[in-house]
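This report describes how a structural model is put together, going from domains to cores and then to a shared sheet. The sequence and the structure come first.

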2 protein chains.
Amino acid sequence: MPARPLNRMSELRRDPILRRWVIMAPERGADTLARRGEPPADAGEARGPCPFCPGSESLNPDEIAVVRDGTGWAVRVTPDKKPLLHIEGDLGRRAAGMFDLMNAIGAHELVTDVPAHTLTWADFPLPQMTRLLELYRARTRDLRRDTRFRFVVVLKNHGATWSRYGHSHSHVVATPFPPKRLEEEVAGAREYYRMRERCVFCDQISEELRAGERVVARNADFLTFAPFASEHPYEMWIAPLEHAADFGTLADGAAASLAELLVDALARLRTALADPPYSVALHAGAVDGGAQAEFHWHWEIVPHLGHELGMEWATGIFSNPVPPEEAARRLRARR
Amino acid sequence: MPARPLNRMSELRRDPILRRWVIMAPERGADTLARRGEPPADAGEARGPCPFCPGSESLNPDEIAVVRDGTGWAVRVTPDKKPLLHIEGDLGRRAAGMFDLMNAIGAHELVTDVPAHTLTWADFPLPQMTRLLELYRARTRDLRRDTRFRFVVVLKNHGATWSRYGHSHSHVVATPFPPKRLEEEVAGAREYYRMRERCVFCDQISEELRAGERVVARNADFLTFAPFASEHPYEMWIAPLEHAADFGTLADGAAASLAELLVDALARLRTALADPPYSVALHAGAVDGGAQAEFHWHWEIVPHLGHELGMEWATGIFSNPVPPEEAARRLRARR
């Protein structure tokens, strides 16, 4: 008896206990699931010309946005070819027995960060990083006009097993639901605000500046620090000293200033930990403009080091062998 | 100028935004942090005799509990030599500026699951798995008498880069705080109960039995299923059909019945995915007996497959390329 055909369409399913939306994305390919520690099937350099390099634009012809630089492009945004979420359609919220479902609607954009094939974020000239940050700001402003979307997140992965073709690229994702981590941060910030009528991030920034020992770097507009309760060794956050929930309001001058600290932080990480793989993410407030007083946008940077994750997965208990004071000391020391 | 000496004592730090306790455990060794994908420094077989094997008891002489089998032991519990949490002392709750701290108090016990060096859980004779489950029940009952503790969790990791010496062992951890994941589950279950006065787990079990397509196996007392909104490919849960929040109340007959489904599930996973690394965890209610009507203990099983984790880390957005219906179909097919 043949198995009945499976639904190969992606959808969003809500866990009734954790109240978390999970993307079921069968078309992203169960068959490409690599075993832990092995590079994914699409990693490596051996699969023809790099589709991100200048000259290969016809492989990703649909430009969502592009930043020009003289005769060529400096940053390029195209639809992700295996999107987590799909831009076309309505949400189609519905029930299936006791469960909740909707269509896997959202934006998943692929950003080619730079024309040069081998340049990593830690190597970026400041004007290039500034252009890239301005591009994220522009995508945030554009995607928020779509009323289906609740949050816009930016994600950058660096390191061999993470990146296709080794050419620096990043993701802009707009979701029709609050991503769990963002929802938790917003909920925590709201609770703190309810108690004190102050932004918890502003208070934490003041505290870190006062204590000093977890500060990695600062300039006139931003602070890089290893958070007090860092979940991961060598975790860093970069946050504006002035309160702001909406990354879309970033001023032009501030973009250059943020670029300076972002490149600085990644260069420090590379030196301190011998070029580890890492992820960088922008956490910004809801695009509907809620929680403006409570939330505070920031970038989070986490190197992927091989310490034991079983306990974290099983229980949400994070154990960190590197106190942030020590991380900050090593990261301050050199870049 | 020499750096000032660092505090090498472990402590619990609470994140003021996420309201999550993080264990700062410098004595667990930042220097042993392996790079992603490389086995940790203490993995492998090449470091002398296995300390878990019969004959090596003097390497871990302090027995917390032991299950005898004729002249030898069948299961043995000793203190973990690099504990996440320490049993001696008081909680010492205190502030540091705006932050909250307490001592890293708790129990971290190492369970040698079986005398035989090469036997994995999927190979366990049912009497051995039954003894092990009864041992977890006994440790739950014993640890709850310590009023400092809020939750008792059990964690088992299987697979090359996870296990020291390759000899099957597991962890029993008692925490003075609600582990984040457990706290979320309890909060979700409480919210559901407040709305309907029914256990959300009981409802989900009924729904899975009715739908059928995500059921992997069942017997008279327990159900193994791939949850509707599985965060991870091939995730399985095993839950009692009868409501129970407290693993300490597991009846003797039910332990044998649970052993049957647990070994069955791991044997299916090994066949379906060619012996993947995996983690298994017991999620049970608070040891103070709260949320008895709302919470429902269960075991969660997750294979560690190498799909992209950046988005999950950055945002809490889980994307799963294997719908649980397909996972259940493959897991049902053979073992």
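## Domains, cores and a sheet across chains

In this predicted model, the C-alpha centres of domain 1 of chain A and domain 2 of chain A are 22 Å apart. Both domains are discontinuous in sequence numbering: domain 1 takes in 11–24 + 44–175, and domain 2 takes in 181–285 + 298–333. Contacts between them involve 25 residues of domain 1 of chain A and 23 residues of domain 2 of chain A.

On the side of domain 1 of chain A that touches domain 2 of chain A, helix 1 (126–143) and strand 8 (151–158) of chain A each supply at least two residues. Helix 1 of chain A gives the most to that side, with 9 residues. The residue classes on that side of domain 1 of chain A are listed below.

| Class | Residues on the side of domain 1 of chain A that touches domain 2 of chain A |
|---|---|
| Nonpolar | 14 residues |
| Polar | 6 residues |
| Charged | 5 residues |

The largest nonpolar core has 90 residues. Those with the most contacts inside this core are A:Ile23, A:Val152, A:Ile238, A:Leu262, A:Ala265 and A:Leu282. Helix 4 (residues 252–273) of chain A gives the most to the core, with 10 residues. Leaving aside residues up to four places away in sequence, A:Ala265 touches A:Val216, A:Ala217, A:Thr224, A:Met236, A:Ile238 and A:Ile301. A second, separate core has 89 residues, among them A:Ile17, B:Phe222, B:Tyr234 and B:Ala259.

The two chains also meet in a sheet. It is an open sheet of 5 strands with mixed pairing, in the order 5(A)-6(A)-1(A)-2(A)-15(B). Strand 5 (94–96) of chain A and strand 15 (318–320) of chain B are the edge strands, each pairing on one side only. On average, neighbouring strands of this sheet are turned by 35 degrees against each other, direction ignored. Within the sheet, strand 1 (residues 11–14) and strand 6 (residues 99–103) of chain A pair in the antiparallel sense over 4 bridges. A:Glu11 has A:Asn103 in strand 6 of chain A as its bridge partner.

Which residues of helix 6 (residues 324–333) of chain B are buried? They are B:Pro324, B:Glu325, B:Glu326, B:Ala327, B:Ala328 and B:Leu331. The cover over the buried residues of helix 6 of chain B includes strand 10 (215–218), strand 11 (222–225) and helix 4 (252–273) of chain B.

Conventions:
Residues numbered from 1 in each chain as written. Chains lettered and ligands numbered in written order. Predicted model: local features only at pLDDT ≥ 70, side-chain atom pairs only at ≥ 80, totals over all residues. Buried ≥ 20, exposed ≤ 12 C-beta atoms within 10 Å, placed from the backbone. Contact = placed C-beta atoms within 7 Å. Pairing = 2+ DSSP bridges. Axes fitted to C-alpha atoms, helices over the stretch in contact; angles between N-to-C directions. Domains from an automatic or database assignment. Nonpolar A, V, L, I, M, F, W, Y, C, P; charged D, E, K, R; others polar. Core = buried A, V, L, I, M, F, W, Y, C linked by C-beta atoms within 7 Å.
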